[in-house]
Amino acid sequence: MSFSEIVGQEEAVRVLRGALASGHVSHAYLFYGPPGTGKSLTADIFARAINCELGGDDSCDRCSSCLRSMHGNHPDVHVLAPGSEKGENVGIQQMREMRSDVYLRPRLGRRKVYIVPEADRLSPPACHTVLKTLEEPPPYVTIILIAPDLAEILPTVISRCQLIRFTPEPLDVVQAALVKRGIPEETAALAAAYCEGRVGAAMRFAGDPVFLSRRTKVLDILSSAGSAPRAVALKLAEDLQKLASQKGKSGAELPEPANISAEQEAAPDREAGYAGPEAASGKADLQSVVDIALSWYRDLLVVRELGADGPLRNRDRLKELQQLAAELSAPKIQDVLEFLTQARYYLERNANPRLVFEQLMLKIMPGW
Ligand SMILES: [Zn+2]
């Protein structure tokens with residue numbers, strides 16, 4: 001995949017291709033923008049193009065340098081994701097490796113490229129090591145930091161990087177791109193809206209039948225729960241938890257694939273003993289159920305405040321949203337949204353999912 005195939009992100013692509021064409025590739029870039037907007041993909045293409053044997057302003061994806069990069073075995077291209085360490089240790093080992101490795105000249109290519117996904121997770125000591133590297137980079141080094149938000153990055157790091165911003169695209173652009181890749185029109189529209197114009201996220205969403213059906217079922221439960229008697233609500237809580245245990249390829253809200261390290265994926269299983277057998281479903285799957293619920297209650301607020309023309313993520317369920325929004329007060333909706341935000345936090349820290357979903361159902365029911 002080359003720059004010419006990226007959907008949208010024209011400004012980012014223009015700047016990067018310009019640097020390649022003029023031969024003025026910077027020592028450090030910071031790619032920032034919401035998850036699923038193509039930061040990792042663009043970083044991969046840029047790294048290939050920098051060392052492409054054709055030497056143009058794009059990757060050819062056919063020369064031996066491009067092929068090595070695509071297979072993850074180019075000796076001059078390194079992806080250094082922070083692993084599953086905790087606290088002060090997050091990313092410290094990887095950043096130290098980079099600090100010593102930069103002084104070895106490129107083995108095959110023109111430049112050594114280091115891609116650091118999830119740079120926002122780096123601990124202060126790891127950031128300090130990055131800073132030291134950025135202060136005196138050898139002329140052949142390019143470091144690409146990736147983060148969702150500038151607010152998460154030290155100002156001293158930001159000031160040493162060229163900033164490349166990634167933004168969501170208009171929904172019709174995303175929808176057209178999905179249809180072009182063979183996704184049915186209806187699914188494409190749904191994915192574009194649900195993922196709020198984030199192309200990469202929408203592609204993963206549209207290509208994941210488990211997630212698509214999970215969303216439908218979660219919304220079915222939420223839209224019927226308001227009028228359910230208490231016993232039924234508790235049964236629905238159980239159903240929600242079961243939905244989370246069906247394995248999806250990926251939740252649409254997960255980080256971009258390149259950002260998920262093997263350690264992170266293994267983490268929920270390793271810690272299953274702590275939270276008991278209920279934690280058997282992966283954290284990411286539990287979170288995706290909560291994210292679907294968040295999208296639903298956020299939509300209810302949008303319908304209340306802006307009407308049917310507001311930016312709805314679940315536009316295909318407009319009728320139900322309008323009906324429910326008329327029944328619920330704004331403070332009640334905000335109350336549930338607040339609970340869901342907390343639920344996300346607690347599930348991340350191994351709270352018992354059954355209890356969390358039961359509490360959610362009781363919150364949704366009238367009179368609580
Ligand atoms: Zn090439």
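## A look at strand S1 and its partners

Of the 368 residues in this protein, 52% are buried, where buried means under 20% relative accessible area with a 1.4 Å probe, counting protein chains only. This is a predicted model, in which local features need pLDDT of at least 70, side-chain atom pairs count only at pLDDT 80 or more, and totals for chains, interfaces and linings use all residues. Residues are numbered from 1 along each chain as its sequence is written, and side-chain values use heavy atoms, with hydrogens and water left out.

Let's start with the whole chain. The protein has 17 helices and 5 strands; these are DSSP runs numbered from the N terminus, with at least four residues for a helix (H or I) and at least two for a strand (E). Take the contacts (heavy atoms within 4.5 Å) between residues at least 6 apart in sequence: 74% of them join residues at least 24 apart. About 17,000 Å² of the protein is exposed, and carbon and sulfur atoms supply 55% of that area.

Now zoom in on strand S1, which covers residues 28–32 and has 5 of its 5 residues buried. Ala 28, Leu 30 and Tyr 32 sit on one side, Tyr 29 and Phe 31 on the other, and both faces are covered.

Who does S1 pair with? Two strands pair if DSSP finds at least two bridges between them.

| Partner of S1 | Direction | Bridges | Bridge partners |
|---|---|---|---|
| S4 (residues 141–147) | parallel | 5 bridges | Tyr 29 with Ile 144 |
| S5 (residues 162–165) | parallel | 4 bridges | Phe 31 with Ile 164 |

So S1 pairs with S4 and with S5.

How values were computed:
Buried means under 20% relative accessible area, exposed over 50%, partly exposed in between (1.4 Å probe, protein chains only). Accessible areas come from the Shrake-Rupley method with a 1.4 Å probe; for residues, only the protein chains shown count as cover.
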